[in-house]
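Here are some notes to read beside the model, written for someone meeting a structure of this kind in a first course. Please keep the sequence and the 3D view open while going through them.

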Amino acid sequence: TGGQSGTTILITSAVPGEGKTLTAVNLSLTVAKEFNQTVLLVDSDLRQQKIHEYLGYSSSSGLADYLIRGVSLSDLIVWPSVEKLTVISGGQNVSSSSELLSSPRMKELVKELKNRYPERYVIFDAPPVLSGADVLAFAPQVDYIVMVVRAGYTSMNDVKRALALLPRDKIL
C-alpha cells in the first residue's frame with residue numbers, strides 16, 4: 001500500500017479456479033513473516049470457506065456465525081501457530097452471502113477491525129466477481145482490491161468484465 005492510509009485488502013478473481021484463496025493465504029503469511037506486520041486473514045467466501053483447510057486445522061465456526069448467530073469475534077479468531085497471523089475461517093456455508101456481506105453487521109465489523117488495531121492488515125478472501133454479487137456488495141467497505149488472474153486459464157474477456165464491475169480506484 002506504499003504508506004497510503006488503508007489496511008483492508010479484498011482478494012478476488014474473475015472466475016473460480018484462479019488461486020485467489022492460495023494467494024490470500026500466501027500474501028497474509030508474507031506480510032506477517034517478511035514484513036513483521038500483524039495480519040488478520042478473514043475467509044469471506046461464505047459459499048465455500050477453505051482457508052482453515054489450507055492452513056491445516058479444523059474449524060466449526062467462521063464469519064457467517066458472527067453475522068447470523070452473533071457469535072463474538074474473540075470466539076472466531078484462531079492463531080494458526082504463525083507469529084503475527086490470526087485467521088477467521090470455517091463454519092457453515094451460506095447461499096445468501098451477498099446480503100450478509102453488505103449487512104450493517106458486516107459494515108460494523110469491518111469498521112471495528114480497521115479501528116481496533118490500525119497497524120494490522122485485514123485481508124479478506126472473497127468469492128470470484130463473476131460468480132455472484134458478493135464482491136460487488138462488499139467492495140465499498142474495503143480500502144484495496146487485488147484481483148488474481150490465472151495465466152492461460154482466464155479469458156481476457158472475463159478479466160475485463162470483472163474489472164469493469166469493481167471500483168477502479170481501489171485496485172492495487
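The points below take up the sheet, a helix lying across it, one glutamate and a pocket.

1. Please bear in mind throughout that this is a predicted model. With that said, a good place to begin is the open sheet, in which five strands pair in parallel fashion and follow the order 3-2-4-1-5. Strand 3 (85-88) and strand 5 (144-148) form its edges, since each of them pairs on one side only. On average, neighbouring strands of this sheet are turned by 20° against each other, with direction ignored.

2. One pairing can be followed in detail: strand 2, which covers residues 39-43, pairs with strand 3 in the parallel sense over four bridges. Within strand 3, threonine 86 is the residue that stands opposite leucine 40.

3. Helix 6, made up of residues 104-116, lies across strand 1 (8-13), strand 2 and strand 4 (121-125), and its direction makes an angle of about 145° with strand 4.

4. Where is glutamate 99 placed? It sits in helix 5, which spans residues 97-101, and its side chain is joined to that of serine 98 by a polar contact of 3.4 Å. Arginine 150 is 51 residues away from glutamate 99 along the chain, and the C-alpha atoms of the two are separated by 28 Å.

5. Finally, the largest pocket has a volume of about 290 Å³. Its lining consists of 18 residues, and those nearest its centre are Lys20, Thr21, Asp45, Gln48 and Pro128. Sorted by class, the lining of this pocket has five nonpolar, seven polar and six charged residues.

Technical notes. Residues numbered from 1 in each chain as written. Predicted model: local features only at pLDDT ≥ 70, side-chain atom pairs only at ≥ 80, totals over all residues. Heavy atoms only, no water. Helix = DSSP H or I, 4+ residues; strand = E, 2+ residues; numbered from the N terminus. Polar contact = N/O pair within 3.5 Å; in protein donor to acceptor, adjacent residues only side chain to side chain. Pairing = 2+ DSSP bridges. Axes fitted to C-alpha atoms, helices over the stretch in contact; angles between N-to-C directions. Contact = heavy atoms within 4.5 Å. 1 Å grid on protein atoms, 1.4 Å probe; cavity = no way out; pocket = protein on both sides within 12 Å on 5 of 7 lines; lining within 4 Å. Points joined across faces, edges and corners; volume = space filled by probe spheres on them. Nonpolar A, V, L, I, M, F, W, Y, C, P; charged D, E, K, R; others polar.
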